[in-house]
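Reader: I should like to request a close look at one part of the model shown below, followed by an account of how its surroundings are arranged.

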Amino acid sequence: MESNKIINFQSLSQNVGRFSLRNKKFIIPQMNRIGSHLLAAAFRGFGIDAMVMENHKGLDLGMEYTSGKECFPCQITTGNILYFLKNEKERLGESFKPESYIYFMPEADGPCRFGMYNKYQRIILDSFDEFDRVKIGSLSSDDSYSLNGLVEEDQVRGLRKASYFSVVVADILDRLLWRVRPYEREPGSTDDFIESSMHQMEDTFAKYGPGNAFDKILSKLEDIVREGRALIDPAIPPKPLIGMVGEIYLRTQVHANQDVIRVLEKYGAEVVNASICEWVNYTTYDGLRDAKIGFRLNLKQLRLRALKEYLKRALNFGTELFYQQSKQRQVYKSVRSVMDLAEDHEVGHLEKILKERDLFSFDVGTEACLSIPGIVEYAMEGYNGVVNVYPFTCMPSTLTSAIVKPLMNKLRIPYLDTPYDSSFQPGREAAIRTFMYQAQQHLERNGRKDFSRHG
Ligand code: SF4
């Protein structure tokens, strides 16, 4: 980098934020594969040229342009966008127009480095003459990832609903994969089936998303779940049930976590990973919670203008949360009438667990708010073991581990931390195998949760 290009502070505010997606190519990073593809399809349905970036091929570039102190997901996504843009430039030659791309990198507020990824990546893109006009489209957890400003005003509500629905459906397809694959008759059949189901769902979203015809999407989803169920060999007995929590990128990105779910399955597990929807619901729940706190504080001081503002925020977040949770419940109820997939945790219930056990507080924020009570809930529900997946040095996940490990020891539930960076740890598989041996013993002693029953 040339010294005069290291930081252009104006660019951090001018080229990171909400930009209209009209006539732009909207580049979505791949976190969980299905979720990213369905989200892109939902956007395409609304006439936006959205696509999912290839994943993990640019890791060397990511390493080259970071110092090594950044979080692992930051290195991966930095490498991915550089790899993508360099390839685009090579492919298109003279007709490559950086200003026609908007790269999607959302952020979250709170005491965590995720809020800095897009700023850091802005600095890196600005150091390339050919990429400094690529804008970074950012949504924030501060307003629950509102889509205002990205599309025409009359599309915002419809696109938001379709996007949320795509997240719920992607969660279900992931849960179907993890539920069926350990019991499949034909090795490899579940992976193939889920891949083709994902593409079918992309078409369904592009077709029915714009009119918010969710009943049509749901009916297609039920058909897929029914077909997926038929891949199971009923003669295979129930396996130890493993609950997974952790940092959202690492626990859902199979390259980043070296396909940890598949490795657990190799040693006899059936895994349920925490959902993406849980995080989306959490940001809305937290917005409502903050608005209520602000309202109470200002009520005490009789500040009328601020009171009005907080009341408005509370109503907005409250309405959104009600919509999200009722939609999610509707989808789970519908697919669970076809197959015994795991239900999702409600965020309000998770906060209650933290308060009752005095383990942590939502006032602190971060994913620890979900991971800690999520683990406790798994333990109480009858899971046979819990895995915490996270990037090496991740603050919220290290905190989760410190709080939960002694608790799991007390409850005699097998627990495993799996921090990842780009290196391969020789002892990892042995640790997973030992953990699975303990989980198997736990199953033999205590049985396991039955998803066909509620609670
Ligand atoms: S959650 Fe962990 S990995 Fe993600 S930004 Fe925060 S500290 Fe980094």
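Reader: Is the crossing of H8 and H12 left-handed or right-handed?

Author: The crossing of H8 and H12 is right-handed; by convention, a crossing is right-handed if the near helix is turned clockwise from the far one by less than a right angle, and left-handed if anticlockwise. This is a predicted model, in which local features need pLDDT of at least 70 and side-chain atom pairs count only at pLDDT 80 or more, while totals for chains, interfaces and linings use all residues. Residues are numbered from 1 along each chain as its sequence is written, and side-chain values use heavy atoms, with hydrogens and water left out.

Helix H8 spans residues 214-229 and helix H12 residues 304-336; their axes come within 9 Å and cross at roughly 35°. Helices (H or I, at least four residues) and strands (E, at least two) are DSSP runs numbered from the N terminus. Axes are lines fitted to C-alpha atoms, for helices over the stretch in contact, and angles run from 0 to 180 degrees between N-to-C directions. On the H8 side, Phe 214, Leu 218, Leu 221, Glu 222 and Val 225 make the contact, and on the H12 side Tyr 323, Lys 327, Gln 330, Val 331, Ser 334 and Val 335, where contact means heavy atoms within 4.5 Å. Seven of these residues are nonpolar, two polar and two charged. Here Ala, Val, Leu, Ile, Met, Phe, Trp, Tyr, Cys and Pro count as nonpolar, Asp, Glu, Lys and Arg as charged, and the others, Gly among them, as polar.

Beyond the helix pair, four strands form an open sheet with parallel pairing, in the order S7-S6-S8-S9; strands pair if DSSP finds at least two bridges between them. Strands S7 (270-273) and S9 (415-420) each have a single partner strand, so one side of each is left without a neighbour in the sheet. From one strand to the next, the twist averages 25°. Within this sheet, S6 (residues 241-246) and S8 (residues 385-391) run parallel and are joined by five bridges, with Asn 388 of S8 as the bridge partner of Val 245. Across S6, S7, S8 and S9 lies helix H14 (residues 368-381), at about 170° to S6.

A further open sheet has five strands in the order S1-S5-S4-S2-S3, again with parallel pairing. Strands S1 (16-17) and S3 stand at its edges with a single partner strand each, so one side of each lacks a neighbour in the sheet. Three bridges join S4 (residues 101-104) to S5 (residues 135-137), and Phe 104 stands opposite Gly 137 in S5. Helix H2 (residues 33-45) packs on this sheet, touching S2, S3 and S4, and its direction makes about 170° with that of S3. Helix H5 (residues 117-126) lies across S1, S4 and S5, running at about 165° to S5.
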